[in-house]
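Visitor: Hey, I've got a structure to look at and no clue where to begin. Can you walk me through a few spots?
Guide: Sure, here we go.

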Amino acid sequence: MKVITIKQPFATLIAEGLKEYEFRTWRTKYRGDILIHAGKGIDKKAMKKFEHLNLEYPAGCIIAKATITDCIKIDDIQRKMLSDKNSLIYNSIIKHTEWNGYGFKLENIEKIKPIFIKGKLSLWDYNGEI
């Protein structure tokens with residue numbers, strides 16, 4: 001199964017169903033099931049912003065399963081749509097109008113028991129049990 005490694009706290013925000021888009025500078029044609037891997041990298045500023053949620057932020061493990069259903073180009077219209085949807089989650093991520101990238105739409109998000117494994121760049125494959 002395909003896997004994407006994401007820094008904390010963003011991986012946990014996805015696993016908890018609070019973040020439905022993952023942002024990258026590259027687009028993907030992949031559609032289908034994907035595992036969410038919480039990398040060892042941490043965005044300290046974002047961790048501070050979301051500490052009031054009292055969530056656990058494991059690192060170095062697969063923590064959720066989801067389905068990539070779309071890949072959208074982030075422009076001003078998409079920024080507004082995401083801000084209106086959940087400004088707490090999305091404003092700090094894509095507020096910069098000069099940032100040009102893509103949002104991978106995640107649906108059917110399901111938190112799973114952590115599977116400890118080293119992450120990789122881009123989309124990668126995991127062949128173990130879930």
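Guide: One term before we start: a polar contact is a pair of N or O atoms within 3.5 Å, and within protein one must be able to donate a hydrogen and the other to accept it. Also, keep in mind that this is a predicted model.
Visitor: Okay, so which side chain does the side chain of Thr5 make a polar contact with?
Guide: That would be the side chain of His37, at 3.2 Å.
Visitor: And where is Thr5 found?
Guide: Thr5 is in strand S1.
Visitor: Is Thr5 buried or exposed?
Guide: Buried, because its relative accessible area is 19% and the cut-off for buried is under 20%.
Visitor: What does Thr5 touch, leaving out residues up to four places away in sequence?
Guide: Its contacts include Arg24, Gly39 and Trp124, along with His37.
Visitor: New topic. Which residues does a cis peptide bond join?
Guide: Gln8 and Pro9, with omega at about 10°. Pro9 lies in the loop between strand S1 (2–8) and helix H1 (10–15).
Visitor: What about Asn54, what's its phi?
Guide: Asn54 has a positive phi of about 55°, although it isn't a glycine. You'll find Asn54 in the loop between helix H2 (44–50) and strand S4 (61–73).
Visitor: Is Asn54 buried or exposed?
Guide: Exposed, because its relative accessible area is 68% and exposed means over 50%.
Visitor: And Asn108, where is that?
Guide: Asn108 sits in strand S5 (residues 102–116). Its phi is positive too, near 55°, and Asn108 is not a glycine. At 57% relative accessibility, Asn108 counts as exposed.

Technical notes: Residues numbered from 1 in each chain as written. Predicted model: local features only at pLDDT ≥ 70, side-chain atom pairs only at ≥ 80, totals over all residues. Heavy atoms only, no water. Helix = DSSP H or I, 4+ residues; strand = E, 2+ residues; numbered from the N terminus. Buried < 20%, exposed > 50% of the residue type's maximum accessible area, 1.4 Å probe, protein only. Contact = heavy atoms within 4.5 Å.
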